Structure formats: structure tokens, C-alpha cells
Amino acid sequence: MILNIDGKMVATEKIGKGLFATAYRAGDTVYLLVDGDYSKEALAMFTDQTLPHIPTCRRHDDIGKFSVFSMPFYRKLTKAEFPEAYAEWTRLPRSVSAGDVHKWVKNVSLPKALKAAIEELIDGFSNYDYDGMILEFNKANVSVGADGKLILRDCVASRESILKKRSKKINRWVNQLVY
């Protein structure tokens, strides 16, 4: 698919689709077309992307109704290739609410830099919907950087946005039923 990224035509290949975003890859860059979620915007605007576990995220001009962001292409987390990053990931909960993160992160055995990145995500996203935020550390939401470090690529979500999106899908499905 050809995407118009800030006035430049970029040849891409679709590599994935999530609840809010579709990912397209062009070389070492992944472009995300996002609809109905602000997590990438908060990541791009309000987090310290120099921290080793925070992904680099850049905002681009919108394409129609989609917000557009780019990130480097990060590698898939595997136990065999990245045992240290994998071990760190296994110590993360699958999900935790924002209000519980600061308490939880103090009591978990993780490298200092990873703890700092988790707290940075919460602080950066608190500009939006702190009480409704959840952190999801599913394997699909983390990656590995070129240096072998765990990257918290897509770990923050808004509970309200998720419920709204899923509600629309359920309503469409129900409306298709024949009575």
C-alpha cells in the first residue's frame, strides 16, 4: 500500500492490525494508522523517548480520519534469542491499572531502567485519562530493540476507548442478526 506520509509517497506492506491501529512497514520503519485511541499521541508528545525501554514514536500529518505515527521496526520477543529481555517480561503482570502501578513497580524485581520506563509511561499518559488507563504487558505489546533490550511498544490503553470500540463491534454484530 502506498501511504502519503507528510507529502511523501511511501511504499509499505501491511504487517498487522490491532483494535485501534493498522501497522504498515517500509524498511526499518513502521507506520501506524490509528483511529479512536490517543495512546500513540501521548507516547509521541509526553514521554521521554531517550529512556532505553520507551519506543521512539513520531507523529505525522493525518490521513483522512486516521492519526499517523511512526516507530522503528522492533524485533519480536523470543526466549531463545533474547533470554534477558524475556526474563524481564515474565516478571511483568499481564495488566495493571494506572492507580496501582506506582505501588506495584516499587515491589517488583526489575532493572532500574525498566522501572523508570514504566513510571514514565504512566506520567506521560496522565495528561489524558489517568484513572481509566491500564498497562497491558502481553507478549504482543512488547518488542526488542536493536540492543536486545525489552521495548514497551504498545502497553498503555484507555479502558474507556477499549469499551467504546468493542461496544461498536458488538452493536454491529447484534444489528446483523436476523430475528
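**Buried and exposed residues in a predicted model**

On the other side of helix H2 from its buried residues, Pro83 and Glu84 are exposed, where exposed means over 50% relative accessible area, buried under 20% and partly exposed in between, with a 1.4 Å probe and protein chains only. This is a predicted model, in which local features need pLDDT of at least 70 and side-chain atom pairs count only at pLDDT 80 or more, while totals for chains, interfaces and linings use all residues. Residues are numbered from 1 along each chain as its sequence is written, and side-chain values use heavy atoms, with hydrogens and water left out.

**Helix H2**

- The buried residues of H2 (residues 83-90) are Ala85, Tyr86, Glu88 and Trp89; helices (H or I, at least four residues) and strands (E, at least two) are DSSP runs numbered from the N terminus.
- These buried residues lie on the same side of H2 because they cover an arc of only 160° around the axis, the arc being that of the directions from the helix axis to the C-beta atoms.

**Nonpolar cores**

- The largest nonpolar core (buried Ala, Val, Leu, Ile, Met, Phe, Trp, Tyr and Cys residues joined through side-chain atoms within 4.5 Å) has 45 residues, and Phe137 and Leu92 are among those with the most contacts inside it.
- Helix H4 (residues 112-129) gives the most to this core, with six residues.
- A second, separate core of seven residues includes Leu3, Ile5, Val10 and Tyr24.

**Thr22**

- Thr22 belongs to strand S4 (residues 21-26) and is buried, with a relative accessible area of 12%.
- Apart from its neighbours within four places in sequence, Thr22 is in contact (heavy atoms within 4.5 Å) with Lys14, Gly16, Lys17, Tyr31, Leu32 and Leu33.
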